[in-house]
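Please open the model in your viewer and keep a selection box ready, since this tour moves from one selection to the next.

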Amino acid sequence: MANLVNLESVGKSYGVKPLLDNISLGIAEGERIGVVGLNGGGKTTLLEVLSGLAEPDSGRVSRVRDLPMAVVTQRTELPESTVRDAVLSHYAAEHEWAADPRVRSIVDGLGLTALGLDSPTTNLSGGERRRVALAAALVGDLDLLVLDEPTNHLDVEGVRWLADHLLARRTALVVVTHDRWFLDTVCGRTWEVANGRVEQYEGGYADWIFARAERARLAASAEEKRRNLARKELAWLQRGAKARTSKPRYRIEAAEALIADVPQPRDAVELLSFARRRLGKTVVELEDVTLHAGDKPVLEHVTWRIGPGDRIGLVGVNGSGKTTLLKLLAGEYAPESGRRVEGKTVRLAHLSQELEDLPGHLRVLEAVEEIAGRVVLGKQEMSASQLAERLGFPAARQWTPVDDLSGGERRRLQLARLLMGEPNVLLLDEPTNDLDIDTLQQLEDLLDSWPGTLVVVSHDRYLVERVCDGVYALLGDGRVTHLPGGIDEYLARRERTVSPAPAPAPAERRPSSAAEHRAAMKELGRLERRLDVLSKRESELHEQLAANATNPEKLVELNTELKSVLAEKDDVESRWLETSDLID
């Protein structure tokens, strides 16, 4: 299979820091590659070099002649026009793109219809502009797509739509993302950018994590062998002439384990008991509350009681009122009717999407220590410096002036300061924005054993499924709906709302028009592609279960995922049969 792009001995530096050092890579036709690594480690630079937006300092980048390619990075600019012109400018007339199901799917799937095709791009928010730029890239007939954090401004439903869309295309893809579900679903290869190098792994997120842990184990084994040789050498020296050694005290450290400091599975009973002792019976309660966001109803006469130790994930489409509801829970908004009740022992912390004013005259560590010098989070006691390091500020970076931090770093500092206050109620609005995967794992580890009440708004289903025990949704009906089936149930409900399943009908029923027939055929194709993905994943999981027969922890994780895959496969097969009956 021919490569579309080749990098040969490529180097790229900014200042004295080499972000890419003698890198040789290739992108094959139809290959889907996920790029991961620490923030500031060179991921975006790699994308810009391979796509031609930046020239390498050394080495060579070659591309297939006249390669049809689109690039969407965090620096992509939109023309000053309307949404329609930015996305659909190469269509001469409305009916041309409206007759193309693929283009209609992109316009609807990324929410541009709701946004308004005649809206001026200059009036859009940053997230809306990113969605428009993504749509403009996707409508083209391309051989290569290069995307930098495309899921950042999409809700859970939008992330799944984008994954399905990319899986249905034959286009090669290189994507930087911290969304681990998206990586696992879409990508067949992973590149890890670290210390100027790019390590390549087969598979998505789960395969990369396993391979990285295995690499650490092998490195530890080699180090242990080296130290054993050193012990023998020291013993030989100490048995020899006294003049050869002054008999210093040697300390040999233990070899690194395959996985160090593995957090124990969350003990829900213990955490609930601890939370009740800290919080009492009342935390935050809404009684017969009505609330609007502009002219859109968020709550209509809703009573909702959030208790001690509740760990809630809150989902809904963009604009459904999740942020408004979180501000109501935080006491920043007052209800239009009804009342909000807060327990007397509540110490509430709210991480909003807006960056709060931070003490710019201080350095990072000083800004964290301004809140407290030490913190106890569950059973973990940490200094301000240790917490800052876990949230992505290594020791050297802790002495950076706050005014010099990037937007992502300021958000992480905001989170560190919140946690240093030792709250017992945490309200988090999109906490994963601007976090790399390593920092995400540290945040999840902290939250996983945190004994308090937690409400999280996030499009990162991996985070929600790990740290939350229940999922609630805003479905646009003025209620807060509990979803026992979690995010899968939410997506299934949304799918039925957007594309209602056909009602049961006699066998002789047929689609009543050509348009309905085309829609049914399109749905059938989409379901078949999803079945293929689920069947492939089911086979992979069975193989991994066999390979990990002696690893109980891995077996539990794999078995949980297998149950989820089989449940979704069952649902998709049922819908396939219903749709097929319509056409046959």
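Two strands count as paired if DSSP finds at least two bridges between them. With that in mind, and remembering that this is a predicted model, select Leu286 and look across to β13, where Arg340 stands opposite. Extending the selection to the whole of β10 (residues 284-293) shows five bridges to β13, the two strands running antiparallel.

Now add β11, which completes an open sheet of three strands in the order β11-β10-β13, with antiparallel pairing. The edges of this sheet are β11 (296-306) and β13 (337-342), each of which pairs on one side only. If direction is ignored, neighbouring strands here are turned by 25 degrees against each other on average. Next, show α11, which lies across β10, β11 and β13 and runs at about 140 degrees to β10.

From α11 (322-329), step back along the chain into the loop that connects β12 (311-315) to this helix, and select Ser320 there. Is Ser320 buried or exposed? Its relative accessible area is 10%, and because the cut-off for buried is under 20%, Ser320 counts as buried. The side chain of Ser320 reaches the backbone oxygen of Val317 at 2.8 Å. Leaving aside residues up to four places away in sequence, Ser320 touches Val298 and Leu474.

For the next stop, move to the start of the chain and select β1 (residues 3-14) together with β2, which are joined by eight bridges and run antiparallel. One pair to pick out is Asn6, whose bridge partner in β2 is Gly26. Adding β4 gives an open sheet of three strands in the order β2-β1-β4, again with antiparallel pairing. Because β2 (17-28) and β4 (58-63) stand at the edges with a single partner strand each, one side of each is left without a neighbour in the sheet. From one strand to the next, the twist averages 15 degrees. Then display helix α1 (residues 43-51), which packs on this sheet by touching β1, β2 and β4, and whose direction makes about 130 degrees with that of β1.

Finally, colour the chain by confidence: the average pLDDT is 82, and 85% of the residues score at least 70. Select residues 240-263, over which pLDDT stays under 50, although the model has 21 contacts for them beyond four places in sequence. Residues 500-511 also have a pLDDT below 50, with eleven contacts in the model beyond near neighbours in sequence. Where pLDDT is low, the predicted coordinates should not be read in detail.

Key
Residues are numbered from 1 along each chain as its sequence is written. This is a predicted model: local features need pLDDT of at least 70, side-chain atom pairs count only at pLDDT 80 or more; totals for chains, interfaces and linings use all residues. Side-chain values use heavy atoms; hydrogens and water are left out. Helices (H or I, at least four residues) and strands (E, at least two) are DSSP runs, numbered from the N terminus. Buried means under 20% relative accessible area, exposed over 50%, partly exposed in between (1.4 Å probe, protein chains only). A polar contact is a pair of N or O atoms within 3.5 Å; within protein, one must be able to donate a hydrogen and the other to accept it, and residues adjacent in sequence count only if both atoms are side-chain atoms. Contact means heavy atoms within 4.5 Å. pLDDT is the predictor's confidence in each residue, from 0 to 100. Axes are lines fitted to C-alpha atoms, for helices over the stretch in contact, and angles run from 0 to 180 degrees between N-to-C directions.
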